[in-house]
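Reader: I should be grateful for a close look at one part of this protein, namely its sheets and the helices that lie against them. Please treat the matter as a connected account rather than as a list.

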Amino acid sequence: MNAWVVYGFILFGLVGQRCADTPKKDTINLAPNILVIIADDAGWNDFSYHGSEIKTANIDALAKKGVQLNRFYANPTCSPSRASFLTGRPASRMGIVAPISDKSEINLPDSIPTLPQLLQKANYETALFGKWHLGLKPSSGPKVYGFDYSYGFLHGQIDQYSHEYKNGDPSWHRNGKFISEEGHTTDLIENEAIQWLKSKRDTTKPFYMQVAYSAPHFPLQEEAKWKMPYLESIKDSSRRDFAAAMTHMDQSIGQLLKALKNQHLEESTVVIFISDNGAMENWYPTKQYSGKHGPNSVLGSNLPLKDWKTSNYEGAIRVPAILYWKNKSKPNINNQYISVIDMMPTLLQIAEVKSTPKTVEGKKMWNSIVKNDTISNTIYIRGHLQESLIQKPWKLIRTRNKGSEAAFELYNIETDPQEKQNMLKENPTIFSKMKAELESEMAKDDVKLNVASK
């Protein structure tokens, strides 16, 4: 055989091998990919970019190069926040005001269009990794609501290694079928998400990818390597375990963002990071997990904001949030008032989906986020024990009292973000107007819920 022919075969083989080792670029799409990352019970003061003693280097980097949504409001607990995010409406409209737990038959109504369903119609491929918490059975799992691919857990909390719910129910699944796997929840979510990103998705389509961690929600079961950085700086062992869960999650997020970059997807992907609600103060379990875990006297921190998860004070509902889209968003701290219900219409706007369902009550906030355009936004939130109405700079809180009339508080959250001074008596006109609007919003909620919780 001619020497030049042999050389040609060798050269062709080397080039072919090099091409095989190089990540394949996606078919060019006008529509951007969307990656939503959700932390579970992470408080305002649990991130180092907010001054926490907990080190969250990868989230900090995202905050530094992205837009920090400094006035982002979620619901006081997890199921309502997730329901609002996916439907663009207050969760109380659907009767969801608290976490869906135990043997509950409550689930997200299947009659209301969801974000992944609408993106599917726009030729997106959709995937959920991690926490669902909007239906506790496979029959009311992610697939019903528009996710092509799903992996993780159906319940609100699980043992990080057995992956069972607190009462022993199975929860870990892939595409609606219960499975058994070894490994820590944070690592498994990361590995599955990256594997899907690299080799399981349809590269001819844009994707919507929701990665919902169990961290830093209890039970806290972290290896020594995640606790080591805090042996000197955090003396309380419970808070140290919480910090370890945060850092473990942060490291996982870093790997996820690295995978985006390695797959040449960074410039074509909008990244959203949020916490579903503020932090819990502590956890004192009784029969949960057969007594294997806890108690935790100290968990997260919402300082300098007031109170904890389940209330309607700032510590529970004003949560860390970041948006980053390389070359499309500029580093900025955005102080516009944005609600979790605004994310669905905003992401549809980014994806250039023209029509928005009538069920959506949120606003398109893209210009407000990237151009800092001012938008007047009323935010209504109904939770465990309280309702609130926010109209910059005012926040009205209504607290339900069994057997007696509801109590009201009025705060100027611009001048008093710690909600120390109730301004109700000094502002009777503002109170009267906001009270009427709050009652009007409550009247729109699920009828059964309305009767039960007044």
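Author: Two strands are said to pair if DSSP finds at least two bridges between them. With that criterion, 10 strands of this predicted model form an open sheet with mixed pairing, in the order β7-β6-β5-β4-β8-β1-β9-β10-β2-β11. The edges are held by β7 (177–178) and β11 (332–334), each of which has a single partner strand, so one side of each is left without a neighbour in the sheet.

Before the details, a word on confidence. The average pLDDT of the protein is 93, and 92% of the residues score at least 70. Residues 1–22 are an exception, with pLDDT below 50 and 2 contacts in the model beyond near neighbours in sequence. Residues 450–454 also stay under 50, and the model has 7 contacts for them beyond four places in sequence. Where pLDDT is low, the predicted coordinates should not be read in detail.

Within the sheet of 10 strands, β1 (residues 33–39) pairs with β8 (residues 207–212) in the parallel sense, over 5 bridges. In this pairing, Ile34 stands opposite Tyr208 of β8. Helix α9 (residues 343–350) packs on the sheet and touches β1, β8 and β9, its direction making about 170 degrees with that of β9. Helix α9 is mostly covered, with 7 of its 8 residues buried. These buried residues are Met343, Met344, Pro345, Thr346, Leu347, Leu348 and Ile350. After α9 comes Glu352, which has a positive phi near 60 degrees.

A further helix, α2 (residues 57–65), lies across β2 (67–69), β9 (269–275) and β10 (321–324), and runs at about 65 degrees to β10. Strand β9 is thus touched by α9 and crossed by α2. In α2, the buried residues are Ile59, Asp60, Leu62 and Ala63. Seen down the axis of α2, they fall within an arc of 160 degrees, so they line one face of the helix. Ala57 and Lys64, on the other side of α2, are exposed. The cover over the buried residues of α2 includes strands β2, β9 and β10, together with helix α7 (237–262).

One loop of this sheet also deserves attention. Ser140 is found between β4 (125–131) and β5 (149–153). Buried means under 20% relative accessible area, and Ser140, at 10% relative accessibility, therefore counts as buried. Apart from residues up to four places away in sequence, Ser140 touches Asn107, Trp132, Leu134, Gly135 and Tyr145.

The other sheet to be described is open and antiparallel, with 4 strands in the order β13-β14-β15-β16. Its edges are β13 (379–382) and β16 (404–412), each with a single partner strand, so one side of each is left without a neighbour in the sheet. From one strand to the next, the twist averages 15 degrees. Strand β13 and strand β14 (residues 386–391) pair in the antiparallel sense over 4 bridges, and Ser388 in β14 is the bridge partner of Ile381.

Helix α11 packs on this sheet, touching β13, β14, β15 (394–401) and β16, and its direction makes about 120 degrees with that of β14. The helix comprises 16 residues (428–443) and reaches 22 Å from its first C-alpha to its last, close to the 22 Å expected at 1.5 Å a residue. Its buried residues are Phe431, Met434, Leu438, Glu441 and Met442. Seen down the axis of α11, these fall within an arc of 95 degrees, so they line one face of the helix. An α-helix has 3.6 residues a turn, so residues three or four places apart point the same way. The face of α11 turned away from the buried side carries the exposed residues Thr429 and Ala443.

Finally, Pro393 lies in the loop between β14 and β15. Its relative accessible area of 23% makes Pro393 partly exposed. Leaving aside neighbours within four places in sequence, Pro393 is in contact with Tyr337, Tyr411, Asn412, Ile413 and Glu414. The C-alpha atom of Pro393 is separated by 18 Å from that of Ile333, the two residues being 60 residues apart along the chain.

Technical notes:
Residues are numbered from 1 along each chain as its sequence is written. This is a predicted model: local features need pLDDT of at least 70, side-chain atom pairs count only at pLDDT 80 or more; totals for chains, interfaces and linings use all residues. Side-chain values use heavy atoms; hydrogens and water are left out. pLDDT is the predictor's confidence in each residue, from 0 to 100. Contact means heavy atoms within 4.5 Å. Helices (H or I, at least four residues) and strands (E, at least two) are DSSP runs, numbered from the N terminus. The expected span of a helix is 1.5 Å times one less than its number of residues. Buried means under 20% relative accessible area, exposed over 50%, partly exposed in between (1.4 Å probe, protein chains only). The arc is that of the directions from the helix axis to the C-beta atoms. Axes are lines fitted to C-alpha atoms, for helices over the stretch in contact, and angles run from 0 to 180 degrees between N-to-C directions.
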